[in-house]
Amino acid sequence: MDTALERQTNLSCSSQYCRPIVVPQTSRHVPILVLQNHTKYFVYFQSVIQLFVNRLDSVESVLPYEYDAFDFCQDATEKRPSENLGQVLFGERIESSPYKFTFLKEETCKKVCSKVYDPSKPEDKLKLIFLKKGMQLNYQHHWIIDNMPVTWCYDVEDQQKYCNPGFPVGCYVTADGRPKDACVINSEFNKKNTFYLFNHVDITITYHSGDGESWTGSRLVGAKLEPKSFKQSDVNNPDCQGAPMEIPGENMEKMQYVYTYSVRFEKNNEIKWASRWDYILVSMPHTNIQWFSIMNSLVIVLFLSGMVAMIMLRTLHKDIARYNQVDQEEAQEESGWKQVHGDVFRPPRKGMLLSIFLGQGTQIFIMTFITLFMACLGFLSPANRGALMTCAVVLWVLLGTPAGYVSARMYKTFGGEKWKTNVLMTALLCPGIVFADFFIMNLILWVKGSSAAIPFGTLVAVLAMWFGISVPLTFIGAYFGFKKRAIEHPVRTNQIPRQIPEQSFFTKPLPGIVMGGILPFGCIFIQLFFILNSIWSHQMYYMFGFLFLVFIILLITCSEATILLCYFHLCAEDYHWWWRSFLTSGFTAVYLFIYAVHYFFSKLQITGTASTILYFGYTMIMVLIFFLFTGECCPSSHNSWAHHASAEDGSGSWGAILSAAFPSTPAPNELIQHIFGLNLKPQLFAVSRVVGGLK
């Protein structure tokens, strides 16, 4: 029995797109059969390789379409693997195809199917027009074998090879004889106003043999193809030779297209199964630019850190020394930040809206941190399709409690009494704006028949998660937030507001807010380019280690830039710092939008009104989320600062540091309470007080 089982096998299956035969699959990567004695394991394999197809997309359009929309060869027994939430939201539509191979059985110019189009028939005419549109807009196939993309590798500049996880439907030569896109690869593609259909593919499947290994059989480690165009002289017996398959721009004749393929197998035991994605990821350029981006961001952080250190250890030293060299009455006449200590904790205007933004920002911050951390550990790699989006959505739904808690606690601290309105707005305002925008974009996709349109059932499921899980969790967090005592500030607020003197241009609110977002954006704009490329140019994004490092740098930069600007404003006796501190780093989102506009006009070739609306509609969702995130970022950077700055006994670490730095200062703790408490962003100070239990 053991020998018979081993003779049946020759290829191991390693994903949900390659099903083991007869034997139940007990391992995600290798199907295993446990025999009766329970001491010896045998791997059961299958010899049929199924090719799956995904949606077709284009860099010139935001509208992806399903494979069946283009009237290609279809599988007689079509199967669709189960898709997770992230795949559905991203518009992935994976289905089986008629391309089926037998392991180690090579084929040459094998016919898959043929299509006949008669322009006199309205139905055929529409199909042909849609096919031409796909070639004109350079729509790309995305094929999958054993959960790996079938790549098209070609030479680029500097003698480098680039492996594209897709290949074009065809190409187009314009009326003035200019070849577009893939038409440049063949000099025979030269007729004016003519489409060339890639109706043949040469597929090369690479496998790692188990000979000499601890396992039996073979594992697929690569799949590449080369698209070609042939006009078959004999439809029933194609030979894949001769002139390319031409489709005239003004076609009025009946035409027949034959789809064929050739497949061969290559053995390569140097490629391990665990590293089979490397050849795709290595061909992605710009790794050196990533390091340049990190170094650029670190320089900005060091510059800001030096500025903060200079202010804390030099400017404040002079202030402290000056205030302690004069009598108390004379000190009251001094100008600067000491004069506003009785007004600095005055509740801001629109305190409810600020508390709502802080609660939603906390939710997004924690979601982003956990998602990036898990991605760095490899749980959300490109091999796990849709895992990144699924993780982010599930985390956002489950993190309603901290959003409600922070919002309620801050609103109570501001003296608000409309707690019901606060809770409802926290749970519904920002998510409602995102959902309304998303729903409008989805309507456009529905009208256009795009595969990116979210099915009605999925929309109902998302709404159920929002109202059934997130909203109740927000109410629970708000309940505990309102039960807690309002945060007590280290100084008492004066009953009569102090008049703010006339401000210079640079200390006015708007110039300070505009300047405050420049440095944080400077830390991320290079990384932002790769993220936009992965979204709109359909490139794989896998550099989560770089992204997490830039994320940390962004937190530090936002906090330090806010500290600097808040200090300057307080020195100008302007104590309206609550909203200004939120908007200073939050204004980075405005620069993100400006960069997205620049990227649209300079890097993309998107055409059509619908695609333009979709681009900017989805961009506005990204801008809103980034605004809330940067406005309420980096609480961990200042928890200890706020905690020890407000300590009553001066025994905290900052009190010890300043006491050692300024031995001539008799009582630094009182000034510490004002200095550090005033310069911190409102949300950071509030969260730290909540967590630290400050009194």
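Trainee: Is Phe-439 buried, partly exposed or exposed?

Mentor: The model is a predicted one. Phe-439 lies in helix H10, and its relative accessible area is 33%. Buried would need under 20% and exposed over 50%. Because 33% falls in between, Phe-439 is partly exposed.

Trainee: Which residues make the nonpolar surface patch of about 470 Å²?

Mentor: Residues of such a patch have over 30% relative accessible area, and Phe-439 has 33%. The patch of about 470 Å² is made by Phe-439, Leu-443, Trp-446, Phe-456 and Val-460.

Trainee: Which element gives the most to the nonpolar patch?

Mentor: Two or more residues come from helix H10 (419-448) and likewise from helix H11 (456-483). The most, 3 residues, come from H10.

Trainee: Why does Thr-206 count as buried?

Mentor: Thr-206 sits in strand E16, residues 200-209. Its contacts beyond four places in sequence are Arg-219, Leu-220, Val-221, Gly-222, Glu-266 and Asn-268. The cut-off for buried is under 20% relative accessible area. Thr-206 counts as buried because its relative accessibility is 12%.

Trainee: Which strands are the edge strands of the open sheet E6-E3-E9-E10?

Mentor: The sheet has 4 strands in that order, with antiparallel pairing. An edge strand pairs on one side only. That holds for strand E6 (95-102) and strand E10 (148-149).

Trainee: Which residue in E6 does Gln-50 stand opposite?

Mentor: Strand E3 covers residues 48-53 and is joined to E6 by 5 bridges, the two running antiparallel. Opposite Gln-50, in E6, stands Lys-100.

How values were computed
Residues are numbered from 1 along each chain as its sequence is written. This is a predicted model: local features need pLDDT of at least 70, side-chain atom pairs count only at pLDDT 80 or more; totals for chains, interfaces and linings use all residues. Side-chain values use heavy atoms; hydrogens and water are left out. Buried means under 20% relative accessible area, exposed over 50%, partly exposed in between (1.4 Å probe, protein chains only). Contact means heavy atoms within 4.5 Å. Patches are made of residues with over 30% relative accessible area and no salt bridge: like charges are joined within 9 Å, nonpolar side chains (Val, Leu, Ile, Met, Phe, Trp, Tyr) within 5 Å. Accessible areas come from the Shrake-Rupley method with a 1.4 Å probe; for residues, only the protein chains shown count as cover. A salt bridge is a side-chain nitrogen of Lys or Arg within 4 Å of a carboxyl oxygen of Asp or Glu. Two strands pair if DSSP finds at least two bridges between them.
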